[in-house]
Amino acid sequence: MEITGQAEFADRLFGTAVAELDAAGVARVRSFLQRNVVMSNTGHRDLINFDPRSTAVVKVVRHLYEPVPTRLISAGEIALCPTCRLPALSADLPEHGTIWCEAEVCPRDKPVTSSPRAADVLLLHRALRLFLALPGLVERSCLERLRDAGTPLSPRTPGTYIGRLDGTDGIVRFYDRTCATHLAGQVVRDQVTVAVLPATTLDYGFRRAFENFLPDDTEISLLSDEELVLRKTTKEKADAKR
Ligand SMILES: [Zn+2]
């Protein structure tokens, strides 16, 4: 799937939508978009976990959702992957090892449990599905694990955090569904110093390609979610014992 320019486009769509909001409003909208890849189109509000403030959020984000494209509709329904919650590319059971959802790496080991009628829902814009909702999974899981361990990251801007790693404060952002060359460009543009990806993405080849495409004078740590949690919790516990 072609993804060039989509990350920047996602940031622009989001930035424009929240331009008038205060920091708390921006955080609420971001969280809503990350948690709701589909939104009700017909008043079947049970598709969304409505809290009293969600109505205001829905007004801000409504234009970021579109009718479900026909290529994602099968028998009138859109199947959502049970692992990443992004649309399945095929409702049929593909062979083992086949790409079957938009995240492209999910195992096909669970039954599809959510397949709303396509006419009843609107789908989050594709750039935001891939570059806001998808990395939101590793982001939320990491933030929760670090908070539970007593070593939370501090919010910096929407989507970036400050975290003390190896004695210095790093600017941390979470990524997913990106290739190494695109990621190298993205992290430079985002001005982060620590890029965190799901452990399943980060093999030796990915790390090497990433290093090769970074400009010479940039130092960026590429960590898996597990490495971030481990490094942060181990270091701070060691410091606390001193
Ligand atoms: Zn998936």
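Two residues are in contact here when they have heavy atoms within 4.5 Å of each other. Keep that in mind as we walk through this structure, which is a predicted model.

Let's start with Leu33. Setting aside neighbours within four places in sequence, Leu33 is in contact with Phe14, Val61, Leu64, Tyr65, Leu124, Leu132 and Ala133. Leu33 also belongs to the largest nonpolar core, which has 43 residues; Leu33, Val61, Leu64 and Tyr65 are the members that touch the most others. Several elements feed this core with at least two residues each: helix 1 (6-17), helix 2 (23-35), strand 1 (38-40), helix 3 (54-61), strand 3 and helix 4. The largest share, 7 residues, comes from helix 4. There is also a second, separate core of 15 residues, and among its members are Tyr175, Val187, Leu197 and Leu214.

Helix 3 is a good place to see how one element faces inward. Its residues Ser54, Val57, Val58 and Val61 are buried. Around the helix axis they cover an arc of only 105°, so they sit on the same side of helix 3. What do these buried residues pack against? Their partners are helix 2, strand 1 and strand 2.

Now let's turn to the metal. A zinc ion is held by the SG atoms of four cysteines, Cys81, Cys84, Cys101 and Cys106, at 2.3 Å. Along the sequence, these donor residues follow the spacing C-x2-C-x16-C-x4-C. Why is the arrangement around the zinc ion tetrahedral? The 4 donor atoms subtend angles of 104 to 115°, and four donors count as tetrahedral if all angles lie between 85 and 135 degrees. Two of the donor residues, Cys81 and Cys84, are both buried.

Charged side chains give us another way to trace the fold, since the structure holds 12 salt bridges. One of them joins Arg129 and Glu102, with N and O 2.7 Å apart. Arg129 lies in helix 4 (residues 126-148), while Glu102 is in the loop between strand 2 (65-67) and strand 3 (121-124), so this pair ties together parts that are 27 residues apart in sequence. Both Arg129 and Glu102 are buried.

Helix 4 takes part in another such link. Asp225 forms a salt bridge with Arg145, and their closest N and O atoms are 2.9 Å apart. Because Asp225 lies in helix 7 (residues 225-241) and Arg145 in helix 4, the pair connects parts that are 80 residues apart in sequence. Are the two partners buried or partly exposed? Asp225 is buried, with a relative accessible area of 10%, whereas Arg145 is partly exposed, with a relative accessible area of 29%.

Our last stop is the pair Asp190 and Arg173, whose side chains meet in a salt bridge at 3.3 Å, N to O. This pair links distant parts of the chain, with Asp190 in helix 5 (residues 180-190) and Arg173 in strand 6 (residues 168-174), 17 residues apart. Buried means under 20% relative accessible area, so Asp190 counts as buried at 12%, and Arg173 counts as buried at 14%. Which residues share a network of salt bridges with this pair? Glu8, Asp11 and Arg189 are linked with Arg173 and Asp190 in that network.

Note on methods
Residues are numbered from 1 along each chain as its sequence is written. This is a predicted model: local features need pLDDT of at least 70, side-chain atom pairs count only at pLDDT 80 or more; totals for chains, interfaces and linings use all residues. Side-chain values use heavy atoms; hydrogens and water are left out. Donors are N, O and S atoms within 2.8 Å of the metal (3.2 Å for Na, K and Ca); water is not among the atoms, so sites may look incomplete. Four donors count as tetrahedral if all angles lie between 85 and 135 degrees; four count as square planar and six as octahedral if opposite donors are over 155 degrees apart and all others between 65 and 115; anything else is irregular. Buried means under 20% relative accessible area, exposed over 50%, partly exposed in between (1.4 Å probe, protein chains only). A salt bridge is a side-chain nitrogen of Lys or Arg within 4 Å of a carboxyl oxygen of Asp or Glu. Helices (H or I, at least four residues) and strands (E, at least two) are DSSP runs, numbered from the N terminus. A nonpolar core is a set of buried Ala, Val, Leu, Ile, Met, Phe, Trp, Tyr and Cys residues joined through side-chain atoms within 4.5 Å. The arc is that of the directions from the helix axis to the C-beta atoms.
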